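Hi everyone, thanks for making time this morning. I'd like to walk you through a structure that is new to most of us, so have a look at it and then we'll go through it together.

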Amino acid sequence: MKKTICMIDYDTETATLIAKRTSGEFGDPAGYEESLYRTEGGKFFLYTNGGAESPYTKEKIKRMSAARANEWLGNA
């Protein structure tokens, strides 16, 4: 997935995957995944996607500060 936020491109195809969390099994309507990425330029973003009953019913990219990314990693 690719999204431009504040004139910066965030792309799961070209960024480096740092860590990934999953909840549930494939096909579970309440299941979801969260994946933390870092761009070549050092920007962090969280890719989320899930089932119809999950917190992430649509694919989404959310930019994150380095501090927030480290906090997310601490909770992983």
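Let me begin with Tyr-32. Its relative accessibility is 26%, so Tyr-32 counts as partly exposed, since that class runs between the 20% limit for buried and the 50% limit for exposed. Before I go further, please keep in mind that this is a predicted model.

Now, Tyr-32 has an aromatic partner, Tyr-56. How far apart are the ring centres of Tyr-32 and Tyr-56, and at what angle are their planes? The model counts three aromatic pairs. In the pair of Tyr-32 and Tyr-56, the centres are 5.4 Å apart and the planes are at 70°, so this one is edge-to-face, a class that needs an angle over 60 degrees. This pair links distant parts of the chain, with the two positions 24 residues apart in sequence numbering. Tyr-32 belongs to strand E4, residues 32-38, while Tyr-56 sits in the loop between strand E5 (44-50) and strand E6 (60-64). And like its partner, Tyr-56 is partly exposed, because its relative accessibility is 22%.

Next to look at is the pair of Tyr-37 and Phe-45. These two rings are stacked, with 5.1 Å from centre to centre and 10° between the planes. Are Tyr-37 and Phe-45 buried or exposed? Both of them are buried. If you look for Tyr-10 as well, you'll see that ring pairs join Tyr-10, Tyr-37 and Phe-45 into a cluster.

While we're on rings, find Trp-72. Arg-21 lies over its face, 4.0 Å from the ring centre.

Let's turn to the strands. E4 and E5 run antiparallel and are joined by seven bridges. One of the matches to look for is Ser-35, whose bridge partner in E5 is Tyr-47. Together E4 and E5 make a hairpin with five residues between them, and in that turn Gly-42 has a positive phi of about 90°. E5 also has E6 as a partner: they pair in the antiparallel sense over five bridges. Here you can pick out Phe-44, which has Met-64 as its bridge partner in E6. How many of the seven residues of E5 are buried? The count is five, so to speak of E5 as mostly covered is fair, with buried meaning under 20% relative accessible area.

There is another hairpin at the start of the numbering. Strand E1, residues 2-5, and strand E2, residues 8-11, pair in the antiparallel sense over four bridges. Thr-4 stands opposite Asp-9 in E2. Two residues lie between E1 and E2 in this hairpin. Let's look at Cys-6 and Met-7, both of which are found in the loop between E1 and E2. Why might we stop at their backbone angles? Because most residues other than glycine have a negative phi. Yet phi of Cys-6 is near 50°, and phi of Met-7 is near 65°. Cys-6 counts as exposed because its relative accessibility is 54%. Met-7 is exposed too, because its relative accessibility is 81%.

Let me finish with the pocket. What is the volume of the largest pocket? It comes to about 200 Å³. The lining has 13 residues, and the ones closest to the centre are Glu-25, Phe-26, Gly-31, Tyr-32 and Glu-33. So Tyr-32, where we began, comes back here. E3, E4 and E5 are the elements that give two or more residues to the lining. By type, the lining divides into two nonpolar, eight polar and three charged residues.

Two of those central residues deserve a few words. Glu-25 is in the loop between strand E3 (16-23) and E4. Is Glu-25 buried or exposed? With a relative accessibility of 64%, Glu-25 counts as exposed. Glu-25 and Ala-69 are 44 residues apart in sequence, and their C-alpha atoms are 25 Å apart in space. Glu-33, for its part, is in strand E4. Its relative accessible area is 21%, so Glu-33 is partly exposed. From the C-alpha of Glu-33 to that of Arg-63 is 16 Å, with the two residues 30 apart along the chain.

That's my tour, and thank you for listening.

Conventions. Residues are numbered from 1 along each chain as its sequence is written. This is a predicted model: local features need pLDDT of at least 70, side-chain atom pairs count only at pLDDT 80 or more; totals for chains, interfaces and linings use all residues. Side-chain values use heavy atoms; hydrogens and water are left out. Rings of Phe, Tyr and Trp (its six-membered ring) pair if their centres lie within 6.5 Å; planes under 30 degrees apart count as stacked, over 60 as edge-to-face and the rest as tilted. Buried means under 20% relative accessible area, exposed over 50%, partly exposed in between (1.4 Å probe, protein chains only). A charge sits over a ring if NZ of Lys or CZ of Arg is within 6 Å of the ring centre and within 35 degrees of the ring normal. On a 1 Å grid over the protein atoms alone, a cavity is a set of points where a 1.4 Å probe fits but cannot get out, and a pocket is an open set with protein on both sides within 12 Å along at least five of seven lines; lining residues have an atom within 4 Å of a point. Grid points are joined across faces, edges and corners, and a volume is the space filled by probe spheres set on the points. Ala, Val, Leu, Ile, Met, Phe, Trp, Tyr, Cys and Pro count as nonpolar, Asp, Glu, Lys and Arg as charged, and the others, Gly among them, as polar. Two strands pair if DSSP finds at least two bridges between them.
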